[in-house]
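Here is a friendly note to read alongside the model. Take the points in order and find each residue in the viewer as you go.

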Amino acid sequence: MSNPSVLCILLNFRTADMTLQAAEAALADLHSVGGELVIVDNASGDGSYEQIAQAVAERGWGENGLVRVIASPVNGGFGAGNNIGLAQAMSNGQAPDYFYILNSDAFPDAGCVQGLIDHLETHPRAGFACSHVRGEDNVTHVSAFRFPSVAGEFVGAARLRLFERLIPDVTVVMPLPQETMQVDWAAGASMLVRRAMLDEIGTFDETFFLYFEETDLCLRAARAGWSCWYVVESRVVHIGSVSTGIKTKRRMPGYWYDSRRHYFIKNHGRMAAVAALAAHLVGGILHRLRAAISGRKPQDPSWFLSDMIAHATKPYRLTREDRL
C-alpha cells in the first residue's frame, strides 16, 4: 500500500483549549501523510463543541474536509466517544486504512504518525502500533503492558520483589522497552489502529466507561491473531488525566473498579474474576502489613481495597456483546 489513508480521532471532554492545541500538533504531523482529523466532543455541556467548531472554522481547518467536529449526544465514556470517530469515513467517502487515536492532551513529535504507519505497513498481522510516551518533564511514561491475570493481580498488589523475581512475566506493568517490540497492550494516548482488524473484531466495548477498554480491545485482537506493538521511534508528549482529574484525586473513581470487574468477567469468567479479586486482596493485605511494619503509608489510593470489595458485590448483568 503506497499511500495509506489515515483518519485521526481526537476525543474532547471539557478541555477545548488543550484539544485545539493537540489538534494543531496532530495536523502538523498528519500533513506529511495526507491524513485527516475528526474531533468528537463527548457531550461536554460547557460550550466546548461551539468553541472548537468556531476555532476550526476561523483557522480554515475545515476546508476540503481536513477537520470535522462532531457532537456526541451523550457522554458514553472513552470507548463510546472514540467509536463515533471510528465510524467515520475519509472526506472522499472511502473508509480509512488506519485510524490514529490521539488523546486530547497528547502532542506528537514530528514523524510520530509516519513511524506508526511504517510499522503497520511492514507487519501485516499487526493491528496496533503505539508510541513512546513522555511527560512535559521529558520523563518516559509507563505505557507498555501485559494482560491482567490472577497471578499478576497478586504480584502487582503485593509489591514484593521476591514475588516479582519468582514470577517476573505476570505483572501488568512491563519494564520500559528500549527498542520496538511486541507487547500485550499499550496505552491509547497515541495509537494507530488497522481498520481491517476492526472490521473483523469490532470496536471498543462501550460497557467500559473509562479504563480497560484498550486492554479488552487488544485482548480480542490477540485472540483473533492480531498483534500490538510499542514503537519507540514514534514519540509523543502526554500530560495525562486532564479530562478526568484522576491524578489529583485521593480515591479511585467507581468506574475504574466497574471496568476492572467487567474485564475479568467478560474475558475470563466469573470464577476467574473472583480469583483475581481474592489474589489482589491477599496481595494488598501483604503490602499493607509490610508498610505498617516499616512505618510507611500504603501506595494504594484511599479506601482502595474496601472500594474494590464493594464494587465486586454489586449486581452484574452481561451485555449483548459479552454473549457473542
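1. **Salt bridges, and how to read the model.** A salt bridge here is a side-chain nitrogen of Lys or Arg within 4 Å of a carboxyl oxygen of Asp or Glu. Side chains of opposite charge can pair when their charged atoms come close. This is a predicted model, in which local features need pLDDT of at least 70 and side-chain atom pairs count only at pLDDT 80 or more, while totals for chains, interfaces and linings use all residues. Residues are numbered from 1 along each chain as its sequence is written, and side-chain values use heavy atoms, with hydrogens and water left out. By the salt-bridge rule, the count comes to 12.

2. **R134 and D109.** Start with this pair, whose side chains meet in a salt bridge at 3.0 Å, N to O. R134 lies in strand β6 (residues 126-134) and D109 in the loop between β5 (106-108) and α4 (112-122), so the salt bridge ties together parts that are 25 residues apart in sequence. Helices and strands are DSSP runs numbered from the N terminus: helices are H or I with at least four residues, strands are E with at least two. How covered are the two partners? Buried means under 20% relative accessible area, exposed means over 50%, and partly exposed is in between (1.4 Å probe, protein chains only). R134 is buried, at 15% relative accessibility, whereas D109 is partly exposed, at 24%.

3. **R195 and D199.** Here is a salt bridge inside one helix: the N to O distance between the side chains of R195 and D199 is 2.7 Å. Both residues lie in helix α7 (residues 195-201), four residues apart, about one turn of the helix. An α-helix has 3.6 residues a turn, so residues three or four places apart point the same way. R195 is partly exposed with a relative accessible area of 22%, and D199 counts as exposed at 55%.

4. **K314 and D258.** How many residues apart in sequence are the parts that this pair ties together? The side chains of K314 and D258 meet in a salt bridge of 3.3 Å, N to O. K314 sits in the loop between α11 (304-312) and α12 (320-323), and D258 in helix α9 (residues 254-268), so the bridge links parts 56 residues apart in sequence. K314 is partly exposed at 35% relative accessible area, and D258 is partly exposed at 30%. Elsewhere, salt bridges that share partners join D205, D216, R220 and K266 into one network.

5. **Helix α1.** Is α1 mostly covered or mostly open? It is mostly covered, with 11 of its 15 residues buried. Among the buried residues are M18, L20, L27, D29 and L30. You can also check the length of helix α1 (residues 16-30) yourself. The expected span of a helix is 1.5 Å times one less than its number of residues. For the 15 residues of α1 that gives 21 Å, and the end C-alpha atoms are 20 Å apart, which agrees.

6. **Two surface patches.** Patches are made of residues with over 30% relative accessible area and no salt bridge; like charges are joined within 9 Å, and nonpolar side chains (Val, Leu, Ile, Met, Phe, Trp, Tyr) within 5 Å. Lys and Arg count as positive and Asp and Glu as negative, while His and the chain ends are not counted. R161, R165, R290 and R296 form a positive patch. R290 is in helix α10 (residues 270-294) and is partly exposed at 42% relative accessibility. A nonpolar patch is made by V282, I285, L286 and L289, with about 330 Å² of accessible area together. I285 is also in helix α10, and its relative accessible area of 46% makes it partly exposed.

7. **Two positive phi values.** Most residues other than glycine have a negative phi. A43 has a positive phi near 55 degrees; A43 is in the loop between β2 (36-41) and α2 (48-58) and is partly exposed at 27%. R159, which is not a glycine, has a positive phi of about 55 degrees. R159 is in the loop between α5 (150-158) and α6 (161-166), and its relative accessible area of 26% counts as partly exposed.

Conventions:
Accessible areas come from the Shrake-Rupley method with a 1.4 Å probe; for residues, only the protein chains shown count as cover. The place of a charge is taken as NZ of Lys, CZ of Arg, CG of Asp or CD of Glu.
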